[in-house]
Amino acid sequence: MSGVPSLSDLNLAATLPVSFLALYACLLMIVDLFVPRTRKHITAGLTMLGLGIALVLALLPLAGAARFGDGERAFGGMYIADSFSDGVNVIVLITALLGVMVAYNYLDRIQRQRGEYYSLLLFTTLGVMMMGAAGDLVVVFVALELLSIPLYILSGFRRPQEASEESALKYFILGAFASGFLVYGIALIYGATGVTDFEGIWAAVEEIVAEDASSKYLLLVGAGLLLVGLGFKVAAVPFHMWTPDVYQGAPTSVVAYMSVAAKVGGFAALVRVLGSGMVNFALDGGLVAAWQDTVWLIAALTMILGNFVAIVQSDLKRLLAYSSIAHAGYMLIGVAAAGSAPVADEAARAVIMYLMAYAFTNVGAFAVVIAVERDDASNTGLESMRGLAVKQPLLAASMAIFMFSLTGIPLTAGFIGKWFVFKAAIAADLIPVAVVGVLTSLISAFYYLRIVWYMYFESGESEAHVPVPLAWAISIAAVGTLLLGIFPYLLSDMTHKITLAFGP
Amino acid sequence: MELTAESIVFLIMSAITLGGGLLVVSARNLFHAGLYLMVSLLGVAGLFVLLSAPFLAGVQVVVYIGAIAILIILAIMLTPSVTQLPAIFNRQWAFNLALAAFFFVLLVSVVSPIMGELGVDAWNADFTQKNPADVPADSIVNLGKDLVDPDKYMLPFEVASVLLMAALIGAVLLVSPDKAKADEGGED
């Protein structure tokens with residue numbers, strides 16, 4: 001136990017994308033001090049460079065070109081560097097890259113161009129990556145905080161604007177509350193199983209189920225509280241109340257990033273904890289985990305509420321907030337499907353694919369909102385879309401692609417994501433939830449396509465300014481959305497190696 | 001009656017705990033009451049040290065004095081109107097006194113039958129843990145080792161340090177005066 005451990009003991013190389021980015025983020029923070037206030041494009045550029053290198057480091061193992069380190073376990077099993085974490089890394093790094101692109105000019109416009117924005121963005125990204133790679137509940141908790149706290153701060157970045165401060169405070173208070181639930185859940189799971197690492201939990205659950213020990217109730221309550229804590233982060237009903245207010249008040253560039261990143265982190269942890277650690281938690285001795293019913297119920301509620309409330313929204317940011325709640329519901333279908341042990345891997349793949357599709361689409365949609373938003377945070381109503389196709393044909397076309405993708409129309413990424421999630425649900429015998437998913441997708445077409453209608457078939461005084469980085473971000477997002485939709489094997493190749501199961 | 005060094009320390013710590021507690025309920029200034037609460041908790045931490053339970057003593061200081069008492073004081077400072085109480089006693093004082101007395105009797109009646117087993121049945125007994133081996137005295141050492149043990153909690157430890165740095169940056173950012181603020185104006 002004592003003595004200096006060597007780096008090979010730690011298997012530090014396996015954590016290369018994360019450890020590189022952690023080091024880079026700390027260095028960037030110091031370098032930024034020497035960048036004058038008027039030349040912050042240097043900081044933004046350096047941030048993108050770091051994210052780009054980390055993305056390459058994450059893509060290499062995924063493409064099978066290189067495998068860092070010795071085996072999947074690092075830090076004694078605290079960190080799991082498998083295909084799942086590679087997938088999570090790629091998604092969140094792409095999101096962060098787009099997030100920097102959409103933020104740079106926006107920060108100039110709102111006169112909050114500060115280097116801390118980029119450092120905090122990198123720290124959040126690190127938190128998401130850690131959540132995807134967590135092999136232990138302790139890491140899940142610390143990583144969740146690393147993901148959340150910079151997001152609270154970023155939500156309030158547009159100080160002293162009141163809406164921004166209000167959103168930060170709301171997000172912080174409710175988020176701290178949710179973290180409390182999560183810790184309580186972790187404590188109860190530890191109480192029931194005596195361990196905090198997923199593999200140990202898996203083995204302990206196996207024993208609890210075999211012996212029908214009374215600690216199964218403790219475990220059930222623990223899993224429930226954990227679901228509450230993580231459900232808050234991914235904005236699942238009934239823990240979604242904060243979402244519209246925070247999305248509306250926070251700077252739009254932050255929302256573009258956060259709407260995806262927080263979901264990636266939350267779902268990565270949900271899949272890891274429930275789908276991998278407790279997948280065998282079947283109370284009736286079958287192959288279906290005890291938490292599955294709860295998760296699919298939440299999924300159905302989330303889809304129904306998100307889509308129906310989105311219909312009546314007149315503000316783009318609020319509409320996209322409810323749309324993001326609805327999409328959390330679709331992803332929760334995937335999590336629920338992971339509760340059936342035979343389809344657990346397929347469901348985990350489906351969730352990753354959905355997140356990938358969602359990342360491009362949603363960042364893109366918010367990037368368009370940034371383009372039409374005025375400097376004083378106004379003009380984000382639906383009417384700002386009227387006649388956009390005449391003034392800005394390319395911007396309108398991109399927005400149309402994003403809306404089609406969010407609806408789930410074929411040849412867009414959103415369709416592929418939904419396809420795989422529904423497929424996993426049917427394989428897991430959750431046909432009613434899949435039906436709810438399809439029906440609510442139909443309903444969602446109403447409000448998504450209304451935006452397209454406004455842009456193309458109504459006339460209005462729309463205005464938009466699209467500086468070069470923002471134009472690049474929107475183009476990349478649009479191309480990504482189309483590419484993933486037309487060549488779905490890009491996604492399935494990326495995820496086909498994902499296996500979560502422990503044991504034989 | 002023979003006083004050992006331990007019993008003297010015990011008496012001092014007890015006096016700090018009880019005296020602090022008494023001052024908490026009798027102080028007219030709510031802010032002072034908060035400070036006295038910290039004194040009282042410090043006495044409890046001292047008792048834990050006497051009982052060879054350094055971990056509990058540390059937790060007592062870090063969690064109760066460091067976090068909870070500070071929170072209470074912050075809450076008092078944020079609500080200045082209640083700082084100065086008009087009177088120490090309100091209408092419920094008699095009821096509360098009875099409740100406290102009842103609780104005291106309850107505690108004594110529960111603890112006194114096992115006083116002999118605990119070895120505190122006489123004033124000249126040592127007031128420390130009879131058999132320190134009963135207490136996992138090296139728990140703090142283990143905790144410290146596990147925190148930086150690469151096979152245990154090194155990774156969460158490192159992540160937590162990054163997290164704290166992010167939180168520090170955020171705190172500075174949120175309170176630092178904004179140079180652009182003067183240009184914007186009209187926000188209030």
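This passage looks at how chain A meets chain B and at the salt bridges in the structure, which is a predicted model.

Start with the interface. On one side, 35 residues of chain A are in contact, and they touch 29 residues of chain B. Putting the two chains together buries about 2,900 Å², with carbon and sulfur atoms giving 74% of that area. Charge pairing doesn't feature here: the count between chain A and chain B is 0 salt bridges. As for polar contacts, the rule turns up 1 residue pair across the interface of chain A and chain B, with both residues at pLDDT 80 or more. On the chain A side, helix 2 (16-32), helix 5 (115-133) and helix 6 (137-155) each put in at least two of the residues that touch chain B. Helix 6 of chain A gives the most, with 9 residues. Sorted by type, the residues on the side of chain A that touches chain B come out as 23 nonpolar, 5 polar and 7 charged.

Now for the salt bridges. Over all chains, the count comes to 14. Arg114(A) pairs with Glu116(A), and the closest N and O atoms of this salt bridge sit 3.5 Å apart. Arg114(A) counts as buried, at 10% relative accessibility, whereas Glu116(A) is partly exposed, with a relative accessible area of 22%.

Another pair ties together distant parts of the chain. Arg158(A) forms a salt bridge with Glu373(A), with 3.6 Å between the closest N and O atoms. Arg158(A) lies in the loop between helix 6 and helix 7 (162-193) of chain A, while Glu373(A) lies in the loop between helix 14 (344-372) and helix 15 (388-391), and the two are 215 residues apart. Arg158(A) counts as buried because its relative accessibility, 8%, falls under the 20% cut-off. Glu373(A) is buried too, at 0% relative accessibility.

Right next door in sequence numbering is Arg374(A), whose side chain meets that of Glu463(A) in a salt bridge of 2.8 Å, N to O. This is also a link between distant parts of the chain: Arg374(A) is in the loop between helix 14 and helix 15, Glu463(A) is in the loop between helix 18 (431-457) and helix 19 (468-486), and 89 residues separate them. Arg374(A) is partly exposed, with a relative accessible area of 36%, and Glu463(A) also counts as partly exposed, at 32% relative accessibility.

Finally, there is a network of salt bridges that links Glu166(A), Lys170(A), Asp245(A) and Arg318(A).

Technical notes:
Residues numbered from 1 in each chain as written. Chains lettered and ligands numbered in written order. Predicted model: local features only at pLDDT ≥ 70, side-chain atom pairs only at ≥ 80, totals over all residues. Heavy atoms only, no water. Contact = heavy atoms within 4.5 Å. Buried area = accessible area lost by both parts, 1.4 Å probe. Salt bridge = Lys/Arg side-chain N within 4 Å of Asp/Glu carboxyl O. Polar contact = N/O pair within 3.5 Å; in protein donor to acceptor, adjacent residues only side chain to side chain. Helix = DSSP H or I, 4+ residues; strand = E, 2+ residues; numbered from the N terminus. Nonpolar A, V, L, I, M, F, W, Y, C, P; charged D, E, K, R; others polar. Buried < 20%, exposed > 50% of the residue type's maximum accessible area, 1.4 Å probe, protein only.
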